[in-house]
Amino acid sequence: MSKSDNPSEYADNLAFDPSRLDEFVQQLTNVIGDPPDLMNHTFVIRPGVEGHCLFIDTLVDKNRIEDNVLRSFAEAPLPASSEGDSSLEDMVKQRIPIASIEAASDLHSCAQHLLEGKALLVIRGAPRILVLDVSKFYHRPLSEPKTETTVRGPHEAFNEDIATHIGLLRKRIRTSDLRLEQMKIGKATETKVIVAYMGSLAPDEVLEEFRTRISRIHTDSILEGTYIEEWIQDKTLTIFPTLMRTERPDVVASHVLEGRVAILVDGSPLALVGPFTFLQSFTSPEDYYERGDIATFLLWIRFLSYCLAVFIPALYIAVTSYHHELLPPALLISISAQREGVPFPSPVEAFLMMIIFEVLREAGLRMPRVAGQAVSIVGALVLGEAAVSAGLVSAAMVIVVAITAIANFVAPFYNFGITQRFLQYFYMILAAFAGGFGILCGVLLTFVHLASLKSFGVPYLAPAAPTFISDWKDVLVRVPRTWMKTFPRMNKTKRKKR
């Protein structure tokens, strides 16, 4: 028996053979597992010539297939002709009013097209298979940002559709200088990833570093942008984010227009932006929709809130356990009176209250939205009051936890707020063992670690270390726009002037 007579051997021959159409269709069905939503419609192209239209029902716009393909040929088949197969293929393309029509000729590419939501038009006797782009993926409509709320400025946020991401970005950057490079990552998911940048601004070395790191990703699945972040970040063992995560298209557009690079991931409402430095973590999108003096005031409020959130619990432990002389006598007497009868030492008291508040915070986030806020607020009030009344903790400790929690919520980015919480516990542990000296050692270690970090070649402490005084006008302060005539030096943009 010859190879052509054995259907089981057809898988070895991946190229489409027009004389074995039925066998190819069967093999294609087997490759994708014969799913229940795979449709195979047979219809007449012209007298004596039949065609197969294959598509996955849950991934396509069925109305377009019925109106533009099936009904079109059912009502008026092509006239009989003595011309060749290539002419038949051209006639079919002219009949179908679909803009994107490609051609495929092997089994694997056809299977991939089906899984991407495209329809295959297999014509008996034609040398190639026509691929029709009729995909229709369901995604939620545009909504307001969930994690980056703002009073002034646009209220649009990305959803999970990559085409929407691109549209929202192009809506704000209407220039041919905007570059979009598409890649596919993940053996199983084939996730579309877009690298967006300005061709006349983004440094070549930064772009090349992005491309190299993304090309090195070898994994089965990419379901969210964080998957890519963990693969391409400069250092894995760090609690500090070296890439910005944002769900706001206006934030992505502003950073791209300053020479940075953005990564958009299909299926994720968050975009990644880099290079990203430590001081940029304090910058809110709202800073650019307010006057410079107001934005600077709010910026320094965030710096103060960061210090309060990170150091207040550790300082409470250090002062109440080791450094009583640092408190005014009246305050010392008041705190001592409150702590009289409390069965736990200050470190245990502080850790107990901080962990309870973390549990309440997580409960408020994970519970249904209707009940979550009530549980977190009522739980904090009731537990705090009950703990003080029972003598388990002091009233001063409840105040410390409340100030720390409020200050922690001031962080503009959610992942940076998590970093602050890690640092809280780190300094609390050092304060419990060595008091103020332990806190100072922790601060030194933190700065050493920050100085060792880079984000795609940019020092993480820039523009403070190394010092770029000209960049302080948009990081440590927010000067009026009329003074911002140059791009930040730390971005190393191709053009220096705006």
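**Two sheets and the pocket between domains**

Trainee: Which residue is the bridge partner of Leu-178 in S7?
Mentor: Met-198 is the bridge partner of Leu-178 there. Before we go on, this is a predicted model: local features need pLDDT of at least 70, side-chain atom pairs count only at pLDDT 80 or more, and totals for chains, interfaces and linings use all residues. Residues are numbered from 1 along each chain as its sequence is written, and side-chain values use heavy atoms, with hydrogens and water left out.

Trainee: How many bridges do S6 and S7 pair over?
Mentor: Eight, and the pairing of S6 with S7 is antiparallel. Two strands pair if DSSP finds at least two bridges between them. Strands (E, at least two residues) and helices (H or I, at least four) are DSSP runs, numbered from the N terminus.

Trainee: What order do the five strands of that open sheet have?
Mentor: S6-S7-S9-S10-S8, with antiparallel pairing. S6 and strand S8 (244–246) are the edge strands, each pairing on one side only. From one strand to the next, the twist averages 25°.

Trainee: Which helix packs on this sheet?
Mentor: Helix H6 (residues 204–215), which touches S6, S7, strand S9 (261–265) and S10. Contact means heavy atoms within 4.5 Å. The direction of H6 makes about 30° with that of S9. Axes are lines fitted to C-alpha atoms, for helices over the stretch in contact, and angles run from 0 to 180 degrees between N-to-C directions.

Trainee: OK, new sheet. What's the strand order in the one that has S1 in it?
Mentor: That open sheet of five strands goes S1-S2-S4-S5-S3, with antiparallel pairing.

Trainee: Why is one side of S1 and one side of S3 left without a neighbour in the sheet?
Mentor: Because strand S1 (38–46) and strand S3 (101–104) stand at the edges, each with a single partner strand. Neighbouring strands here are turned by 25° against each other on average, direction ignored. Helix H2 (residues 62–75) packs on this sheet, touching S1, strand S2 (49–56), S4 and S5. The direction of H2 makes about 30° with that of S1.

Trainee: How many bridges join S4 to S5?
Mentor: Three, between strand S4 (residues 119–123) and strand S5 (residues 129–132), which run antiparallel. Leu-120 has Val-131 in S5 as its bridge partner.

Trainee: Switching to pockets. What volume does the second largest pocket have?
Mentor: About 740 Å³. On a 1 Å grid over the protein atoms alone, a pocket is an open set of points where a 1.4 Å probe fits, with protein on both sides within 12 Å along at least five of seven lines; lining residues have an atom within 4 Å of a point. Grid points are joined across faces, edges and corners, and the volume is the space filled by probe spheres set on the points.

Trainee: Which lining residues are closest to its centre?
Mentor: Glu-116, Phe-137, Ile-162, Lys-192 and Asp-266, out of 27 that line the second largest pocket.

Trainee: And where does that pocket lie?
Mentor: Domain 1 (21–78 + 89–133) and domain 2 (162–276) both give residues to its lining, so the pocket lies between them. Domain bounds come from an automatic or database domain assignment.

Trainee: Any odd peptide bonds? Which residues does a cis one join, with omega about -5°?
Mentor: Gly-274 and Pro-275. Pro-275 sits in the loop between strand S10 (271–274) and helix H9 (292–321). Another cis peptide bond joins Ala-465 and Pro-466, with omega about 0°.
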